[in-house]
Amino acid sequence: MTQRRSPTVRRRRLGAELRKHREEAGVTIETVAERLHCSTSKVSRIETGHTSATPRDVRAMLDIYGIDGDESSELVQISREARQKGWWHPYSTVLTGAYVGLEAEANSVRAYEQQVVPGLLQTEEYARAMIRSARPDISADEVERRVRVRIERQSLLMQDDPIDLWMVLDEAVVGRPVGGDAVMRAQIQHLVDRADLPNVTLQVLPFSAGAHAGMDGTFTILDFPEPTDTDVVYAENATGGLFLEKADELRKYVFIFDHIRAAALRPEESVALLADLAKEPLWEWRQKLT
């Protein structure tokens, strides 16, 4: 079995380790910046994983903290891995934030979606129609680049060490014919097909559930195979999204997700509903009532 490795996750892990060693050594960011002849903002961005550090800088920082031997060598190696290019690098002009890089090494994804089919489960035609509608300001070429990166991401579900995906979809997601009747029917059938994968669990949260714990918006919880890599909550918005990593924030969103999936139809009921909707979608049913 191969191991998925992401430079984004390596950069985040390295920053956390460097911050831990600095605090344990009682050294200020200002002192590190002075010794490295750089700005305090650079040191801070390295520690938060927003900027990669050269192996030379990492060695210098570890010398300041009194760290040597195997631990030093391991962190220097992580710094080299953190500077490599991920598969998504050619698409960096159409990506905002670090989400794809974190997703690439996640062990599992738990998410609630209110409006659209999530990228890992979109068909190419649905993705194209959704992006064109949501981003009328971008060029056709950029639309296609965004479609391509979404399709590339889906390999996470099929490879030797696939990601575990648990997705709860609001009924609105499958009730709006994005791209028209044919595109949306194919998309719903695609959800049914993906639910057959042993690493994919799908639930539908029906309108009949009424008010529920996810009313504040959509979110994704990412967890990682390495205990040193803390879980992340990603709350998406029009400007790229917000990453939440504090323990109390994580506990809150895990609590919310557990309540959402308890309110949703069971997985087998959800798949049966989706199979029915692929044959007779909600928008056609509503038209018969009018």
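The following dialogue shows how to read several features of a predicted model.

Trainee: Where should I begin with the protein chain, and what does its secondary structure come to?

Mentor: Begin with the overall inventory. The secondary structure of this predicted chain comes to 12 helices and 6 strands. The C-alpha atoms fill a box of roughly 75 × 40 × 35 Å along the principal axes.

Trainee: How many residues does the protein chain have, and what percentage of them count as buried?

Mentor: The chain has 290 residues, and 49% of them count as buried. About 14,800 Å² of the chain is exposed, and carbon and sulfur atoms supply 50% of that area.

Trainee: What percentage of the contacts with a separation of 6 or more is due to residues 24 or more positions apart?

Mentor: Such residues account for 76% of those contacts in the protein chain. One may also consider the charges: the mean positions of the 37 positive and 46 negative charges are 4 Å apart.

Trainee: How should I read the nonpolar core, and which residues of the largest one touch the most other members?

Mentor: The general idea is that a nonpolar core is a set of buried residues of certain types, joined through side-chain atoms within 4.5 Å. The largest core here has 45 residues, and those that touch the most other members are L121, L157, L165, I188, L191, L202 and L274. Take I188 as a case: apart from neighbours within four places in sequence, I188 is in contact with V174, L274, L277, A278 and W283. There is also a second, separate core of 18 residues, including L18, V43, V58 and I64.

Trainee: How do I read a strand, for example β1, and which way do its residues point?

Mentor: In a regular strand, side chains alternate between the two faces of the sheet. In β1, S108, R110 and Y112 point one way, while V109, A111 and E113 point the other way. Strand β1 covers residues 108-113, and 6 of its 6 residues are buried.

Trainee: In which sense does β1 pair with β2, parallel or antiparallel?

Mentor: β1 pairs with β2, residues 164-170, in the parallel sense over 6 bridges. Within this pairing, W166 in β2 is the bridge partner of R110. β1 also pairs with β4, residues 219-223, but in the antiparallel sense, over 5 bridges. There, D223 in β4 is the bridge partner of S108.

Trainee: How many bridges join β4 to β5?

Mentor: The two strands run antiparallel and are joined by 3 bridges, with T220 opposite Y234 in β5. β5 is joined in turn to β6, residues 242-244, by 3 bridges, and these strands also run antiparallel. In that pairing, A235 stands opposite L242 in β6. The alternation can be followed in β5 as well: V232 and Y234 point one way, V233 and A235 the other, and all are buried.

Trainee: How do I read a helix such as α7, and against which helices do its buried residues pack?

Mentor: First list the buried residues, then look for what lies against them. In α7, residues 124-134, the buried ones are Y126, A127, R128, A129, M130 and I131. They pack against α8 (140-153) and α9 (181-194).

Trainee: Is Q187 buried or exposed?

Mentor: Q187, which has its place in helix α9, is counted as buried because its relative accessible area is 0%. Apart from neighbours within four places in sequence, Q187 is in contact with V117, L121, Q122, T123 and Y126.

Trainee: Why does R10 count as buried?

Mentor: A residue is buried under 20% relative accessible area. R10 has 3% relative accessibility, so it counts as buried. R10 lies in helix α1, residues 7-25. Leaving aside neighbours within four places in sequence, R10 is in contact with R5, I78, E81, A82 and E105.

Trainee: What is the sign of phi in H37, positive or negative?

Mentor: Most residues other than glycine have a negative phi. H37, however, has a positive value, near 55°. H37 has its place in the loop between α2 (29-36) and α3 (40-47). H37 counts as exposed because its relative accessibility is 74%.

Key: Residues are numbered from 1 along each chain as its sequence is written. This is a predicted model: local features need pLDDT of at least 70, side-chain atom pairs count only at pLDDT 80 or more; totals for chains, interfaces and linings use all residues. Side-chain values use heavy atoms; hydrogens and water are left out. Buried means under 20% relative accessible area, exposed over 50%, partly exposed in between (1.4 Å probe, protein chains only). Contact means heavy atoms within 4.5 Å. Helices (H or I, at least four residues) and strands (E, at least two) are DSSP runs, numbered from the N terminus. Accessible areas come from the Shrake-Rupley method with a 1.4 Å probe; for residues, only the protein chains shown count as cover. Lys and Arg count as positive and Asp and Glu as negative; His and the chain ends are not counted. The place of a charge is taken as NZ of Lys, CZ of Arg, CG of Asp or CD of Glu. Two strands pair if DSSP finds at least two bridges between them.
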